[in-house]
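Please examine the model shown here. The report below treats its overall fold, its nonpolar core and the surroundings of its ligand.

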Amino acid sequence: MNARQTLKTSLLFSLCCLPLAALVWGVAANQLGANPTEALIRELGQWALRFLLITLTATPARRWLGWGFLLSYRRMLGLFGFFYGLLHLIGFIWFEHFFNWQELLEDILKRPFITLGMLALLLLVPLAVTSTRGAVRRLGFKTWQRLHRLLYLAVSAALVHFFLLVKADLLEPLIYLAVWVLLLVLRLPDRFFVLRWRSVSE
Ligand code: HEM
């Protein structure tokens, strides 16, 4: 990696740490509202989802806008998604269950929205573990690529987790869902767009 690339990577890394820094500051300055622990857990969950979605914009951004630069940072962005998801879980274990593992397990098994959150995070574990270049080499690119499709499942589980949690105002999860659907459409094979284009112009 040359000096320019190192600088860009460090800048992006710092940018990805900013939400965490802002949250730590919010806690320290008592600025997270009436229920700071709930706000903290929720914000960490939102950032986990945002990073996962940003990771998935890399391919469509290159395909449709010619922006290839995000591809080189996909791994870092995905790992940040996992990192924020992990902090979200730690916050939950700490502030809602006070490290009572028995109670935590019951919660995971009894409340479907918690089960789905757990599923989303567990699906990310093999992806985080195999995010190194060595892992790509060991698994072979095809197998590695197939394994990393679990990301789609993880994002879907996280979205259902969000929908099950929200009872009244569905606007926020609907915005995430719209972004997710758009990203999926932009990933459809070329042939789909050629067919659409033909049927529109004929
Ligand atoms: C990658 C995995 C995960 C993602 C992306 C994720 C995402 C989210 C999102 C977006 C919210 C809603 C935030 C809001 O309302 O503003 C949320 C809430 C929540 N999540 Fe997750 N989540 C994940 C994993 C987990 C896990 C593993 C658990 C616990 C086992 C969990 C427990 C919760 C709880 C308890 C809330 C509600 C917080 C509250 O209202 O106090 N999540 N999550």
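The secondary structure of this predicted model comprises 11 helices and 0 strands, where helices (H or I, at least four residues) and strands (E, at least two) are DSSP runs numbered from the N terminus. Local features need pLDDT of at least 70, side-chain atom pairs count only at pLDDT 80 or more, and totals for chains, interfaces and linings use all residues. Residue numbers start from 1 along each chain as its sequence is written. The C-alpha atoms fill a box of roughly 60 × 45 × 35 Å along the principal axes.

Of the 202 residues in the protein, 19% are buried, that is, have 20 or more other C-beta atoms, placed from the backbone, within 10 Å of their own. The largest nonpolar core has 28 residues; such a core is a set of buried Ala, Val, Leu, Ile, Met, Phe, Trp, Tyr and Cys residues joined through C-beta atoms within 7 Å. Among the members that touch the most others are Phe 51, Leu 52 and Ala 158. Each of the helices α1, α2, α4, α6 and α9 supplies at least two residues of this core.

The ligand is surrounded by 22 residues, each with its C-beta atom, placed from the backbone, within 6 Å of it. Arg 42, Gly 45, Gly 85, Gly 117 and Ala 158 come nearest. The helix α2 gives the most to both groups, as tabulated here.

| Group | Residues from α2 |
|---|---|
| Largest nonpolar core | 9 residues |
| Shell around the ligand | 7 residues |

Conventions: A residue is buried if 20 or more other C-beta atoms lie within 10 Å of its own, exposed if 12 or fewer, and partly exposed in between; C-beta atoms are placed from the backbone.
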